[in-house]
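User: Hi! I'd like a close look at a single part of this protein, with enough of its surroundings to make sense of it. Here is the structure.

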Amino acid sequence: MVTGRNLRNRGRRVAVIGAGSWGTTFAKVLCDAGCDVTVWARRREVAHEIQVAKRNTQYLAGINLPKSLKATDDLSVALRGAGLVFLAVPSQTLRQNLLDIEPYLDRRSVLVSLVKGVEKTTTMRMSQVMADTLDLDPTRIGVISGPNIALEIAKEQPTGGVASCADLTVAQEIATAASAPYFRTYVNTDVVGTELGGVLKNLIALAIGIVDGVGYGENTKAAIITRGIAEMTQFSVAHGADPATLSGLAGLGDLIATCQSPLSRNNTAGRLIGQGYTQEETREQMQQVAEGITSVPPVLELARELGIRMPIVEQVQMVLDGRMAPKDLGPHLATEDDVPQPEQAIPDGAHEGTWRRLLNRLKGTQA
Ligand SMILES: NC(=O)C1=CN([C@@H]2O[C@H](COP(=O)(O)OP(=O)(O)OC[C@H]3O[C@@H](n4cnc5c(N)ncnc54)[C@H](OP(=O)(O)O)[C@@H]3O)[C@@H](O)[C@H]2O)C=CC1
Ligand SMILES: O=C(CO)COP(=O)(O)O
């Protein structure tokens, strides 16, 4: 189908690094947006199946991929002429993957992370890993996040996401490339908030999975989701995020999708743990990446550095370590406070950034 959007992307060469469930699905979105897409798979047989049969049976069973989608296991081929490079690999391998692509990268190309994790050894967000590894200018680093369960999108069930870059024009360019009829991409310049939304919702989805595995019902889950978004917002704002981002698709939107969907790997991993499997047994059973399990320790380390309490995430860590029984996990039920605390749906100070930005806008200065 030829649309205005397709025409805007005609001739736009893009690469997707990683051919798991999200890399392959996102490559389809980009193709359906009219881009000229090559996806890189690290295994030759996966690249061959996508290239020839237009299928990726291991990660997207039953999905027919676009005829125009190209695939290769050769990084130099994938990256040739690519102005936008989308990264869809596990968070803990991103640094090495970046070093691998560096020799073939056009120095003007923009790199966009689709990854929802934190580097365990450094506690860095993916955009920080990108800047650190390749010494990139912030205007060449983007992020896309949102309620994006891969299989649903591969079936063209409509949803949206947020493309974020410090430079709004670049965010708009990324969003144009990544807007298909069933995938609407909004823009913002809040890279920290957009990225942290995707990281933190995984941890709350683990908690939801755990209590689901125990057999608790909707009250417990609603309380965890509600307190969870407060925890996510407080943590993100302390790192410089705009609280509005956490109320948007990359925060609340993704939290709802991941906490509700049986397709979510984090939710599934939590459920196995709630049913009594150990962390090791759960990892063995999971055929795909559940980023949340790896992100819990670095997120708690960052929270400690800033003096922030994250009661739900702390409890998830205790359950993962075997220091707390899954049945004892609650939305801050395990509090040591003597005095009842006020409920802060949006934590203290979270609006300060918003007011400052509004004030600056009124004064006509840069936010
Ligand atoms: N799936 C989803 O719904 C969504 C996922 N994401 C995020 O996308 C990222 C990728 O996840 P997803 O695609 O789902 O994961 P999957 O488990 O579906 O696939 C993982 C992919 O990473 C590849 N891989 C593993 N190790 C390496 C390595 N050392 N170097 C290069 N590639 C490697 C795998 O290759 P191989 O098959 O050869 O092992 C596979 O292609 C995660 O951060 C996830 O949070 C974001 C939004 C939605
Ligand atoms: O990020 C996702 C949905 O937006 C995918 O979540 P899971 O990694 O838990 O499957």
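Which residues come nearest to ligand 2?

Analyst: Happy to walk through that with you. Please keep in mind that this is a predicted model, and that every value below is computed from it.

Around ligand 2 there are 14 residues, and those that come nearest are Asn-148, Asp-254, Ser-264, Arg-265 and Asn-266. Sorted by class, this shell holds 6 polar, 4 nonpolar and 4 charged residues. Three helices, α9 (191-214), α12 (249-260) and α13 (265-274), each contribute at least two residues to the shell.

The domains help to place this site. The assignment gives domain 1, covering 12-189, and domain 2, covering 193-355. Ligand 2 lies between the two domains, because both of them give residues to its shell.

It is worth seeing how the domains meet. Their centres, taken over C-alpha atoms, are 26 Å apart. Domain 1 brings 25 residues to the contact, and domain 2 brings 27. On the domain 1 side, α6 (126-134), β6 (141-145), β7 (159-165) and β8 (183-188) each supply at least two residues. Strand β7 gives the most to that side, with 4 residues. By class, the side of domain 1 that touches domain 2 has 13 polar, 9 nonpolar and 3 charged residues.

Ligand 1 makes a useful companion to your site. Its shell, too, draws on both domains, with at least three residues from each. Here 26 residues surround the ligand, and the closest are Gly-20, Ser-21, Trp-22, Ala-150 and Gln-288. Helix α2 (residues 21-32) provides the largest share of this shell, 3 residues. The class split for ligand 1 is 12 nonpolar, 10 polar and 4 charged residues.

Helix α9, which we met at ligand 2, also takes us into the protein's interior. In soluble globular proteins, nonpolar side chains tend to be buried together. In this model the largest nonpolar core has 109 residues, and Val-16, Leu-30, Leu-87, Val-112, Ile-174 and Ile-204 touch the most other members. Helix α9 gives the most to this core, with 13 residues. Since domain 1 and domain 2 both give residues to the core, the core lies between them.

For one view inside that core, try centring on Val-112. Leaving aside residues up to four places away in sequence, Val-112 touches Leu-84, Val-85, Phe-86 and Leu-87, along with Gly-142, Val-143, Ile-144 and Ile-174. Among these neighbours, Leu-87 and Ile-174 are themselves listed with the core members that touch the most others.

How values were computed
Residues are numbered from 1 along each chain as its sequence is written. Chains are lettered from A and ligands numbered from 1 in the order in which they are written. This is a predicted model: local features need pLDDT of at least 70, side-chain atom pairs count only at pLDDT 80 or more; totals for chains, interfaces and linings use all residues. Domain bounds come from an automatic or database domain assignment. Two residues are in contact if their C-beta atoms, placed from the backbone, lie within 7 Å. Ala, Val, Leu, Ile, Met, Phe, Trp, Tyr, Cys and Pro count as nonpolar, Asp, Glu, Lys and Arg as charged, and the others, Gly among them, as polar. A residue is near a molecule or strand if its C-beta atom, placed from the backbone, lies within 6 Å of it. A nonpolar core is a set of buried Ala, Val, Leu, Ile, Met, Phe, Trp, Tyr and Cys residues joined through C-beta atoms within 7 Å. A residue is buried if 20 or more other C-beta atoms lie within 10 Å of its own, exposed if 12 or fewer, and partly exposed in between; C-beta atoms are placed from the backbone.
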